[in-house]
Amino acid sequence: CDASGTGYDTRLTVYSGSCGAFTCVTANDDMTPQCTTPLSGFRSRVQFNAPAGNDYYVFVHGFGSPSTTGNFILNMTCAPLCLPVPGNDLC
């Protein structure tokens, strides 16, 4: 929810696959209501199961126009994978 360091409304899109055959894994535009500080509602967050051995491509772009650019801060955290994947996506 850090509102500093980004001067535009971000969107995150995560893909798997390879060039010419990407598959969207997950995407997010706004973290509201999780982020309530000024301007932080325009920050993005994704969460997904990422088994070892798979490549994932994180596309940081602007909402409304993928060509919107600017500085950003990208944080990543890892946790044990939920297996089998539960139907409600909660471990």
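## A walk through a three-stranded chain

Of the 91 residues in the protein chain, 22% count as buried, and since the coordinates belong to a predicted model, every value below is computed from that prediction. The secondary structure consists of three strands and zero helices, so that, read from the N terminus, the order of elements is β-β-β. Among the contacts in the chain with a separation of 6 or more, 59% are accounted for by residues 24 or more positions apart. The surface that the chain exposes comes to about 6,600 Å², and carbon and sulfur atoms supply 57% of that area.

The aromatic residues offer a way into the fold. A search of the whole structure finds three aromatic pairs. In one of them, the ring centres of Tyr-15 and Phe-22 lie 6.0 Å apart with the planes at 50 degrees, and because planes from 30 to 60 degrees apart are neither stacked nor edge-to-face, this pair is described as tilted. Both partners have some access to the surface: Tyr-15 is partly exposed at 26% relative accessibility, and Phe-22 is partly exposed as well, with a relative accessible area of 43%. A further pair is formed by Phe-48 and Tyr-56, whose ring centres are 5.2 Å apart and whose planes stand at 55 degrees, so this pair too is tilted. Here Phe-48 has a relative accessibility of 29% and counts as partly exposed, while Tyr-56, with a relative accessible area of 24%, is also partly exposed. Ring pairs also join Tyr-15 and Phe-22 with Tyr-57 in a cluster.

Tyr-56 leads on to Ala-50, which is placed in the loop between β2 (23-28) and β3 (56-62). Leaving aside neighbours within four places in sequence, Ala-50 is in contact with Tyr-56 and Leu-81. Ala-50 counts as partly exposed, because its relative accessibility of 38% falls between the limits of 20% for buried and 50% for exposed. The C-alpha atoms of Ala-50 and Cys-78 are 9.2 Å apart in space, although these residues are 28 residues apart in sequence.

Cys-78 raises the matter of cysteine pairing. A disulfide is a covalent bond between the sulfur atoms of two cysteines. A search of the whole structure finds zero disulfides. Cys-78 itself is exposed, with a relative accessible area of 70%, and Cys-19, at 76% relative accessibility, likewise counts as exposed.

Strand β3 and the segment that follows it complete the tour. Val-58 is found in strand β3, where, at 43% relative accessibility, this residue counts as partly exposed. Together with Phe-72 and Leu-74, Val-58 makes a nonpolar surface patch of about 270 Å². Phe-63 has its place in the segment after β3 and is partly exposed, with a relative accessible area of 48%. When residues up to four places away in sequence are not counted, Phe-63 touches Asp-9, Thr-10, Arg-11 and Asp-29. Phe-63 and Leu-12 are 51 residues apart in sequence, yet the distance between them, C-alpha to C-alpha, is 9.0 Å.

Note on methods: Residues are numbered from 1 along each chain as its sequence is written. This is a predicted model: local features need pLDDT of at least 70, side-chain atom pairs count only at pLDDT 80 or more; totals for chains, interfaces and linings use all residues. Side-chain values use heavy atoms; hydrogens and water are left out. Rings of Phe, Tyr and Trp (its six-membered ring) pair if their centres lie within 6.5 Å; planes under 30 degrees apart count as stacked, over 60 as edge-to-face and the rest as tilted. Buried means under 20% relative accessible area, exposed over 50%, partly exposed in between (1.4 Å probe, protein chains only). Helices (H or I, at least four residues) and strands (E, at least two) are DSSP runs, numbered from the N terminus. Contact means heavy atoms within 4.5 Å. Patches are made of residues with over 30% relative accessible area and no salt bridge: like charges are joined within 9 Å, nonpolar side chains (Val, Leu, Ile, Met, Phe, Trp, Tyr) within 5 Å. Accessible areas come from the Shrake-Rupley method with a 1.4 Å probe; for residues, only the protein chains shown count as cover. A salt bridge is a side-chain nitrogen of Lys or Arg within 4 Å of a carboxyl oxygen of Asp or Glu. A disulfide is a pair of cysteine sulfur atoms within 2.5 Å.
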